[in-house]
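Good morning, and thank you for making time for this presentation. Please have the sequence and the model open as I speak.

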Amino acid sequence: MTQTRILSVMASKLSFARVAFLLSAMGAAGMAFYLPQAESFADRVNRPQAGKKPKAKKHNLVALEVFNGTLVKIQEEYVEPKRIDPKKMLYSALDSVQFKVPEVLVEPRETENKVVISVNNKKRTFSTAKVNAPWRLSQELRKIFQFIQANLSSDADLAEVEYAAVNGMLKTLDPHSVLLPPEAARDMEVSTSGKFGGLGIEIRMVKKKLTVIRPMKGTPASRAGLKRGDHIYKIEDELTENLTSNEAVERMRGEPKTPITIYVKRQGEAKLLKFRIIRDIIKLESVESRMLSPGVGYITIKHFSRTTSRELATAMAALSKKGAKGWVLDLRWNPGGLLDQAIYVSDLFVDLGVLVTTVDEGGKNKRPRSATKGNSDTQSPLVVLVNSNSASASEIVAGAMKNLGRGLVVGAPTFGKGSVQVLYDNRDGSKLKLTIGQYLTPGDRSIQSVGIVPDIQLQPMFVPEKIKSHKDQIRLTPTDRSYREKDLNAHLTSKFVDKPIKSKFTMNYLYKPDKRLKVLDDDEDRLPPLDRFRKDFEIEFAEQLLLSIPKARDRATLLKGAQSVIAKADAKQQQALESALGKVAIDWKSGTSNVSATQLSSKVTFSKGGKVEAGDILTVSAEVKNNGNTTANRILLRLKSTNPHLDEIEIPLGRIDAGKSLTKTTQIKIPTDERDRLDKVSLELTSDRKKVSTLKEKALRIRAAKRPVFAYSYQLVDQGNGDGIPQSGESHKLLVTIKNIGKGSAKEPSAVLRNASGDGLLLKKARAELKEIKPGQSSQVEFLFNVRKPKRPEIAMEMSVYDSKTHESVNEKLRFAMTSPVSFQKSERKLQTKVRATIRQAASSSAEIVGWLPTGTKLNLDAESGDWARVKLPGKRTGFVLLKETKRGAGASKKLTEHWQVTPPTVEVSASAYQTTKSHFQVLGIAKDDSKVRDVYIFVSNREAKIFNRKVFYRAGSGNSLKFDASVPLWDGSNRITVVARENDKVQSGYTLYVTKSKSPLAVAND
């Protein structure tokens, strides 16, 4: 489901989502933190805008300003000093640096108290024996950074290197202590402000068009007349076809009271519509509310910002006037936010008791926060909805309601983040988010790594209306996969955690997807409705609880009365499940038989002998025979695998009569971009959710499909004075020829040109969707742009080619120098090449090479200037050749040999098998390039072992080929090995394979 985005100056749903993703990627899925004193609006106005970096001198990596500042805060404030291990922090900091910087390879030799650092094949060994205190950590890292900085390429971003080191160090403490780089720090600050400046529209990319989903009421966008479904064609003078939603947001941000002009294509209108809109302050509401039915008010909190409690109080007052006498408080998908706001929200429902207690290391210093009397509604029945994405601040509210006996908690166990962070500002604009305490719910109960266990746990099931293809999968059992606090590396533990608690009731229900929110057919007239509220089963169930027990004043009474509601709902859901499965020919009626492991015999086969190609449809067939004398009911086969595309696939067989057998199949689409791999697949039989037997483990061999590799040539075609040199005020055409030099087809290729010159360049046509490009074939694209007045004497663009099927891509930054115009005189002399002549795009020896003409080629001369001649080339373009490479004479017509400026290295890897019983796997191969292979490096990952992108090999090159032979360490299970070969920082290619390590070899065969 595509997420919507709200345009803003200083905050947006996009920026909030981007921060949430960043934190999640760093292992920080929920937030509960204190903010320093609020920055004034004037301060924010005078601060550099998001996306615009302030001018600064080159970062001094060796100074360790941010790193040392972080160390000081860790020593002074960190919640668990026992976790501060300087040597471990050093190794982790360096590991993070080597992941960020390809040229750096770190070989930790912890048993020898050494670390070997290689930078561009220059190697040095550093001792870690004396790194036993934070100041010694800083001292040793300074020496290492001196070596790294001296040997890195001059264009390396040294600030990013230091940020990586800081986050590597913080990773050893806990998953929520992170350093936010300046841009992410600004977004974090904005997302908690509760208001922002902007236009007030929600946007989405629909059919690759920037489309208005909803103009918010009372905002500049709605007052200007923007409508739902409008296609934003241009922002000021810039086309949106080559912008991402993120980039569009950045373009439309600006200070309040400043104007912006956007151009819109509207259905039914022949011409572009022009809107000049004055930006304004817009409140980003965190609370939405409505009446569900007479007497029941519904409130959802999306996140906890500075205005949340005030919004909630207002919403409750309004619903109370409409007759609300019970509350459904929806905290599902709420990642958290401000700790104080969670306390204020809890206080609106409770007038007595401790709402939350914050504690430091060991629980020595406690700070309880108690409820105050006289706030809002503390008597009406309350049901709180939660799920596994309810984290931190939302868990504080749910925990307070449950443990104080105020309300019933319904849904799924929450994320389990029970720690508190504080934000510290750094002079460079970055922010340190550091864990300084843990919080306890009432009764001094910690939810750290366990979450809030709901009183009534609801587990969804799904049955498609019809089974037509691999897309129609049945889901009857809850997933074993999770992404919660307990799954994060280095998560904190707490001595205040109670023994494992189970839900009082558990109920399965049939999930019905909202057809309105189905993935759109990208038709603008099929956008989702403005009112996206939907009364799903969880909301309906909570509503029914309140309606059935209207006089309940506390959790205990609600819980007692819930039994009859659950019984009715459960019976209804089971009946609905049987009916849904019956429509797809599965008899799921209940029975009383007690099935034993010996009663059933089974056979499971994979199509194509268990050897499939990427892009294939795999058919899994399960035949089960009932050898007993009684009926076996609700029989289900479930697959488990380290390959997520095979994991938790279910084949329900249903009822099997005594002495009978039954066969059912399911189809699984192997992704087109799947890599070479061999996967273990275990199979389990259950009867009415009870395990009957585990079948013999199988192996599935997947062969990667042949993949495209893109090369391209480009030429700047001067539509101004014709000298081939861009000058201010001129229009130019960029001709790009894309060639597939790989072994597989590019099914859905596209080419995009992005502006890297700011206001100095205006792109007029910057995107092209291409037809299939088969191996060896080419396709030509034209881009158009105007040159304005760049701040530097050059124009810069980034050219990308991408195939949406295989996800193969290549990109490169193109730079064209701007110099004084060159005057040419017309000439029609008959000339030919006297050598293999180089054709350039401008009359300069430093200009880009277009191609070469062989000796004796006829030149269609157009004009001359000094040492240069301008010649006509195929495709209504011109090129420039040095006169000294020509001679008089007619010559013969010969073909131009194109110069392919961008050709990624090709990577060939030798792998005789994709499984092993050994601890290391030998990866041999060669990388080749038509110009130069800068380097080759290798990463390995193993999700089960919690090894993520560990660099294990680096080698720098000097010629156009580079052989490599790497011994890659493996861990039990599936290991993802990625080989990367680079021509330069932008142009690179890779090869990925999966190797399974097991105690004994796996056979690929059917029963």
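Let me begin with aspartate 444, which counts as partly exposed because its relative accessibility is 30%. I should say at once that we are looking at a predicted model. Aspartate 444 sits in the loop that runs between strand 24 and strand 25, the latter comprising residues 456-461. Although aspartate 444 is not a glycine, its phi is positive, at about 55 degrees. As background, most residues other than glycine have a negative phi.

Arginine 689 also belongs in this part of the talk. Its phi is positive, about 75 degrees, and arginine 689 is not a glycine. This residue is found in the loop between strand 33 (677-687) and strand 34 (690-703). With a relative accessibility of 41%, arginine 689 counts as partly exposed.

A glycine with a positive phi brings us to the helices: glycine 323, just after helix 10, has a phi of about 105 degrees. Helix 10 itself covers residues 308-321, which is 14 residues. From first C-alpha to last, helix 10 reaches 20 Å, close to the 20 Å expected at 1.5 Å a residue.

Which residues of helix 10 are buried? They are Thr308, Ser309, Glu311, Leu312, Ala315, Met316 and Leu319. Viewed down the axis of helix 10, these buried residues fall within an arc of 155 degrees, so they line one face of the helix. The general background is that an α-helix has 3.6 residues a turn, so residues three or four places apart point the same way. On the face of helix 10 turned away from the buried side are the exposed residues Arg310, Thr314 and Lys321. The partners against which the buried residues of helix 10 pack are strand 15 (287-293), strand 16 (296-301), strand 17 (326-330) and helix 11 (339-347).

Helix 3 can be read in a similar order. Its 13 residues, 65-77, should span 18 Å at 1.5 Å a residue, and the end C-alpha atoms are indeed 18 Å apart. Buried in helix 3 are Val66, Phe67, Thr70, Leu71 and Ile74. Because they cover an arc of only 140 degrees around the axis, they lie on the same side of helix 3. Gln75 and Glu76 are the exposed residues on the face turned away from that side. The packing partners of the buried residues of helix 3 include helix 4 (86-100), helix 5 (134-151) and helix 6 (158-171). Strand 6 (178-180) and strand 24 (431-440) are also among these partners, and strand 24 is the strand that precedes the loop holding aspartate 444.

I turn next to valine 384, in strand 21, residues 382-386. Is valine 384 buried or exposed? Valine 384 is buried, because its relative accessible area is 0%. Leaving aside residues up to four places away in sequence, valine 384 touches Leu329, Leu331, Ala398, Met401, Leu408, Val409 and Val410. Valine 384 and isoleucine 539 are 155 residues apart in sequence, yet their C-alpha atoms are 9.8 Å apart in space.

Finally, the cavities. Searching the whole structure gives three cavities of 30 Å³ or more. The second largest has a volume of about 60 Å³. Its lining divides into four nonpolar, six polar and two charged residues. Among the lining residues are Tyr714, Val736, Gln780, Arg877, Glu898 and His899. Strand 35 (710-718) and strand 36 (731-740) each supply at least two residues of this lining.

Key: Residues numbered from 1 in each chain as written. Predicted model: local features only at pLDDT ≥ 70, side-chain atom pairs only at ≥ 80, totals over all residues. Heavy atoms only, no water. Helix = DSSP H or I, 4+ residues; strand = E, 2+ residues; numbered from the N terminus. Expected span 1.5 Å × (residues − 1). Buried < 20%, exposed > 50% of the residue type's maximum accessible area, 1.4 Å probe, protein only. Arc of directions from axis to C-beta. Contact = heavy atoms within 4.5 Å. 1 Å grid on protein atoms, 1.4 Å probe; cavity = no way out; pocket = protein on both sides within 12 Å on 5 of 7 lines; lining within 4 Å. Points joined across faces, edges and corners; volume = space filled by probe spheres on them. Nonpolar A, V, L, I, M, F, W, Y, C, P; charged D, E, K, R; others polar.
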